[in-house]
Amino acid sequence: FLLSGSGAMLAVMPQRLGRVIDRARTLEARLLGGSADEKILHAQLATLSRRAKMVSRAITLCTTTALLVCAVIAVLFLGASLGFDASVAVALLFIVAMLAFFVGLLIFLREILLATASLRIGPR
């Protein structure tokens with residue numbers, strides 16, 4: 001369950017990062033084109049940079065979650081195959097995986113809130 005949840009998040013986050021990067025490239029092209037709104041463009045680029053860093057951290061944490069869940073499965077399998085008690089290792093790995101997923105989702109939520117706070121619809 002946790003592996004599919006982190007996998008689903010990993011399917012969404014890179015798309016979001018791609019959109020941020022595409023938007024930043026568009027704004028940079030406008031800036032190089034000599035747009036009159038230089039201050040506004042620089043502010044928007046700074047916001048996009050923060051958003052990209054947040055999404056990147058969230059992707060890293062969700063990937064870490066998936067790797068830790070895989071480690072939990074491997075330790076459970078080895079414990080059953082080799083006949084040793086893996087409960088402490090499994091518990092620790094699972095707790096760390098849940099913490100990584102929790103923090104990753106919080107960072108992703110912060111990025112979404114930042115994106116909606118800087119959202120501008122319609123003319124100025």
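Where is Gly83 found? Some notes on that and a few other spots, bearing in mind that this is a predicted model.

1. **Gly83.** This glycine is found in the loop between H2 and H3. Gly83 counts as exposed because its relative accessible area is 65%, and the cut-off for that label is over 50%. If you want a feel for distance along this part of the chain, take Thr64: the two residues are 19 apart along the chain, and their C-alpha atoms are separated by 27 Å.

2. **Thr65.** Next door to Thr64 in numbering, but worth its own look, is Thr65, which lies in helix H2. Is Thr65 buried or exposed? Thr65 is buried, with a relative accessible area of 0%. Leaving out residues up to four places away in sequence, Thr65 touches Leu2, Ser6, Ala97, Ala100 and Phe101. Helix H1 runs over 2-32 and helix H3 over 87-117, so if you colour by helix you can pick out these partners of Thr65 by number.

3. **The two cysteines, Cys62 and Cys70.** How many disulfides does a search of the whole structure find? The count is 0. For Cys62, the closest cysteine sulfur is in Cys70, and at 14 Å that is too far for a bond; a disulfide would need the sulfurs within 2.5 Å. Looking from the other end, Cys70 is in no disulfide either, its nearest cysteine sulfur being that of Cys62. What about accessibility? Cys62 is buried, at 0% relative accessible area, whereas Cys70 counts as partly exposed, at 40%.

4. **Arg51.** Here is a charged residue to check in your viewer. Arg51 has its place in helix H2, and at 13% relative accessibility it counts as buried, because the label applies under 20%. Which side chain does the side chain of Arg51 make a polar contact with? The partner is the side chain of Glu111, at 2.6 Å. Glu111 also turns up among the residues that Arg51 touches beyond four places in sequence, along with Arg16, Val20, Leu114 and Ala115.

5. **Leu31.** This leucine is found in helix H1. Leu31 counts as buried, with 19% relative accessibility, and the cut-off is under 20%. Setting aside neighbours within four places in sequence, Leu31 is in contact with Glu38, Leu41, His42 and Leu45. Helix H2 covers 38-82, which is where to look for those four contacts of Leu31. For a longer reach, compare Leu31 with Ala100: they are 69 residues apart in sequence and 38 Å apart in space, C-alpha to C-alpha. Ala100 is one of the residues that Thr65 touches.

6. **The largest pocket.** The volume of the largest pocket is about 420 Å³. It is lined by 17 residues, and the closest to its centre are Arg23, Gln44, Ser118, Leu119 and Arg120. Which helix gives the most to the lining of the largest pocket? That is H2, with 7 residues. Helices H1, H2 and H3 each supply at least two lining residues. Sorted by class, the lining has 7 nonpolar, 6 charged and 4 polar residues.

Key. Residues numbered from 1 in each chain as written. Predicted model: local features only at pLDDT ≥ 70, side-chain atom pairs only at ≥ 80, totals over all residues. Heavy atoms only, no water. 1 Å grid on protein atoms, 1.4 Å probe; cavity = no way out; pocket = protein on both sides within 12 Å on 5 of 7 lines; lining within 4 Å. Points joined across faces, edges and corners; volume = space filled by probe spheres on them. Helix = DSSP H or I, 4+ residues; strand = E, 2+ residues; numbered from the N terminus. Buried < 20%, exposed > 50% of the residue type's maximum accessible area, 1.4 Å probe, protein only. Polar contact = N/O pair within 3.5 Å; in protein donor to acceptor, adjacent residues only side chain to side chain. Contact = heavy atoms within 4.5 Å.
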